[in-house]
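New to this one? Take a quick look at the sequence and the fold, and then read on.

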Amino acid sequence: MILDHTFPAKKITWILQPGIPMKSLDLITYTYLVKEVNFVAKNYHASLERLVLQTTSSEKLNSALIELASCCVSLKEIHCYCVVSQEVVQAFISCCPGLRRYTLKTVKELHPWRCTVIK
């Protein structure tokens, strides 16, 4: 499922149904997504394989992403297009053994951001 900036941010958790498994989710909203990341970790931990976020950096987001990494151990891809802490990167690498590709940057880079491929 892809939700972008044209979808009202207040309705994201309303449209996502906890009882319906989600394998791939793109939240390209350019808004603060801490609540939504927590929702995803709680409700899609058993099924989520790919997550893309375009959001705003914050310490709360870092905490939410670390929690997501510990819950969603079946993730194969995580792409977060904002700067995150090194602890977030380490959490995904250590908690998600099936991780194959990620875009998690600890410093701002020129666009386009390239993902890291794990072999």
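What follows is a short tour, starting with the whole chain and ending with a few single residues.

This is a predicted model, so to read it fairly: local features need pLDDT of at least 70, side-chain atom pairs count only at pLDDT 80 or more, and totals for chains, interfaces and linings use all residues. Residues are numbered from 1 along each chain as its sequence is written, and side-chain values use heavy atoms, with hydrogens and water left out.

**The chain as a whole**

- The chain has four helices and six strands; helices (H or I, at least four residues) and strands (E, at least two) are DSSP runs, numbered from the N terminus.
- Going along the sequence, you meet them in the pattern β-α-β-α-β-α-β-α-β-β.
- The radius of gyration, taken over C-alpha atoms, is 13 Å, which agrees with the value near 14 Å for a compact globule of 119 residues (the globule rule is 2.2 Å times the number of residues to the power 0.38).
- Along its principal axes, the C-alpha trace spans about 35 × 30 × 25 Å.
- Buried residues make up 41% of the 119 residues; buried means under 20% relative accessible area, exposed means over 50%, and partly exposed is in between (1.4 Å probe, protein chains only).
- Of the contacts (heavy atoms within 4.5 Å) with a separation of 6 or more, 55% are between residues 24 or more positions apart.
- The accessible surface comes to about 6700 Å², and 57% of that belongs to carbon and sulfur atoms; the areas come from the Shrake-Rupley method with a 1.4 Å probe, and for residues only the protein chains shown count as cover.

**Two helices and what they pack against**

- Helix α4 covers residues 86-95, and its buried residues are V88, V89, A91 and F92.
- Those four sit on the same side of α4, because they cover an arc of only 160 degrees around the axis (the arc is that of the directions from the helix axis to the C-beta atoms).
- Turned away from that buried side is a face of α4 carrying the exposed residues E87 and S94.
- The cover over the buried residues of α4 includes α3 (59-71), β4 (77-83) and β5.
- In helix α2 (residues 34-43), the buried residues are V34, E36, V37, F39, V40 and A41.
- They pack against α1 (12-15), β2, β3 (50-55) and α3.

**K105 and C82**

- What does K105 do with its side chain? It reaches the backbone oxygen of R114 at 3.0 Å, a polar contact, meaning a pair of N or O atoms within 3.5 Å; within protein, one must be able to donate a hydrogen and the other to accept it, and residues adjacent in sequence count only if both atoms are side-chain atoms.
- K105 belongs to strand β5 (residues 101-105) and is buried, with a relative accessible area of 12%.
- Not counting residues up to four places away in sequence, K105 touches C82, V83, V84, W113 and R114.
- K105 and H79 are 26 residues apart in sequence, and their C-alpha atoms are 9.4 Å apart in space.
- C82 lies in strand β4 and is buried too, with a relative accessible area of 5%.
- Leaving aside neighbours within four places in sequence, C82 is in contact with T55, T56, S57, L61, K105 and W113.
- C82 and L53 are 29 residues apart along the chain, with 8.2 Å between their C-alpha atoms.

**Cysteines**

- How many disulfides does the structure hold? There are zero, with a disulfide being a pair of cysteine sulfur atoms within 2.5 Å.
- C96 is in no disulfide, and the nearest cysteine sulfur, that of C95, is 6.1 Å away.
- C96 is buried, with a relative accessible area of 2%.
- C115 counts as partly exposed, at 27% relative accessibility.
- The closest cysteine sulfur to that of C115 is in C80, 14 Å away, which is too far for a bond.

**Backbone details**

- H111 and P112 are joined by a cis peptide bond, with omega about 0 degrees.
- P112 is found in the loop between β5 and β6 (116-117).
- Y30 has a positive phi, near 60 degrees, in a residue other than glycine.
- Y30 sits in strand β2 (residues 24-31) and counts as exposed, at 52% relative accessibility.
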